Amino acid sequence: MAHDLTDEQYKSQKRAVWMATLWLTIITIFEVGVSLLWLQFEFMPRFMLNLLMILASILKAFYIVAEFMHLKYEKRALTLSILVPLVLFIWGIIAFLIEGESIRSLREIFS
Amino acid sequence: MASQTATTDKVNWSGGTMPFKARYGKLMMWYFLLSDAFTFTTFLVTYGLLRFSTDYWPDPNDVFSSAPFGIHNAPLAFVSFMTFMLILSSVFVVLAVIEGHRLNRKGVMLWMGLGIIGGIIFLGSQAWEWTHLKHEGLWFDQNTSMIDADTGDTYFEHTLHEMEESGETLPENLVPAPKLFTSLFFFITGFHGLHVFSGIILNIIAWINTAKGVYDRKKDYEMIEKMGLYWHFVDLVWVFVFLCFYLL
């Protein structure tokens, strides 16, 4: 299993890791920078800022899982068996946020 | 027994081969992480539900604006440093995994060592932040800060006292900040911190085994790879904890 890395693979893997690091750093600086600028100038609606932050975080998650955790280079079946169950999150997030909003409106009605 | 030269998937899955080209330990680490991802997601989704069901929520830019050495009014500064520390630590561990594939014991020890130090710095920073917030009156089931209902600005108790003493006019519509916020914050960052802590312990054990030549004798550094997976997962979770508590 181990010691099967040629010099070329070794170099290309290291390069891929440093590239991913560079992207993660850039995205983090972007996130923090835009948040701080938004505090000063409020150049777009809050929900657009939030959407931007969520997309940036998903991009960061992609780099960590694909490059650092090496999932991009695993067998396709293994990758799918990890990623497909995560589809449930989409349902979970939508359902429970709607539920939260509903709890608030019910509280307003009955208090 | 399927033959090694078989090319079709059917033969690949009928036993005798490794369809996923990964051994048991690594595979089970992946599925453990999948289950852990569900645990963290339920916590963060609970956070979302409770936040959506609450009228006023503290502004993270006001709550998390202090750093060690007397730095105040610097929103996101300290947590950005913590985030970067954890990413850097992850990078070091990835490099350790790559060196492990080359059976380079010294390389593994160097990068894994740096990864462990990065993790300890992160945990220390978190301890500082927790202590700071506790001093400000924010703790599990306790939140003494107030929210300006008009602007959403959040004030610590001592800030309001100082404003009062210096004769400043206080905001008119102050409402108490929800305790839910602090309970969720300390619980979720605490659970993440517990993962960081156990990750550091496991990494130290792997480092000692490397130093003793255990993996050299086996000619197999897969343990470093498994620890690496766990460590990157901790980093991955932090990306979303950072998003939910500090950015949104």
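A residue counts as exposed if 12 or fewer other C-beta atoms lie within 10 Å of its own, as buried if there are 20 or more, and as partly exposed in between. In this predicted model, Asn73(B) has 9 other C-beta atoms within 10 Å and is therefore exposed. Asn73(B) sits in the loop between α3 (60-63) and α4 of chain B. Its phi is positive, near 55 degrees, and the residue is not a glycine.

A second loop residue of chain B shows a positive phi. Lys21(B), not a glycine either, has a phi of about 50 degrees. Lys21(B) lies in the loop between α1 (9-12) and α2 of chain B. Because 13 other C-beta atoms lie within 10 Å, Lys21(B) is partly exposed. Leu103(B), which follows α4(B), also has a positive phi, near 55 degrees.

The overall build of chain B comes next. Chain B holds nine helices and five strands. Read from the N terminus, the order of elements is α-α-α-α-α-β-β-β-β-α-β-α-α-α. Five helices thus come before the run of four strands. One helix then separates that run from the last strand, and three helices close the chain.

The radius of gyration of chain B is 23 Å, whereas a compact globule of 248 residues would have one near 18 Å. Along the principal axes, the C-alpha trace of chain B spans about 85 × 40 × 25 Å. Buried residues make up 37% of the 248 residues of chain B. Contacts often reach far along the sequence. Of those in chain B between residues at least 6 apart, 71% join residues at least 24 apart.

Tyr47(B) offers a local example. This residue belongs to helix α2 (residues 24-52) of chain B. Tyr47(B) has 22 C-beta neighbours inside 10 Å; the cut-off is 20 or more, so the residue counts as buried. Leaving aside residues up to four places away in sequence, Tyr47(B) touches Leu184(B), Ile188(B) and Cys244(B). Ile188(B) is 141 residues from Tyr47(B) along the chain, yet their C-alpha atoms are separated by 9.0 Å.

Helix α4 of chain B covers residues 77-101. At 1.5 Å a residue, its 25 residues should span 36 Å. The end C-alpha atoms are 37 Å apart, which agrees with that expectation. Of the 25 residues of α4(B), 22 are buried, so the helix is largely enclosed by the rest of the structure.

The same helix takes part in the contact between the chains. This contact takes 45 residues from chain B and 42 residues from chain A. On the side of chain B that touches chain A, the elements giving two or more residues are α2, α4 and α9 (222-247). Among these, α4(B) gives the most, with eleven residues. By type, the residues on this side of chain B divide into 26 nonpolar, ten polar and nine charged. Helix α2(B), which holds Tyr47(B), is thus also one of the contributors to the side that touches chain A.

Chain A, the partner in this contact, is divided into two domains. Domain 1 covers residues 1-73, and domain 2 covers residues 75-111. The C-alpha centres of domain 1 and domain 2 of chain A lie 24 Å apart.

Note on methods. Residues numbered from 1 in each chain as written. Chains lettered and ligands numbered in written order. Predicted model: local features only at pLDDT ≥ 70, side-chain atom pairs only at ≥ 80, totals over all residues. Domains from an automatic or database assignment. Rg over C-alpha atoms; globule rule 2.2 N^0.38 Å. Contact = placed C-beta atoms within 7 Å. Expected span 1.5 Å × (residues − 1). Nonpolar A, V, L, I, M, F, W, Y, C, P; charged D, E, K, R; others polar.
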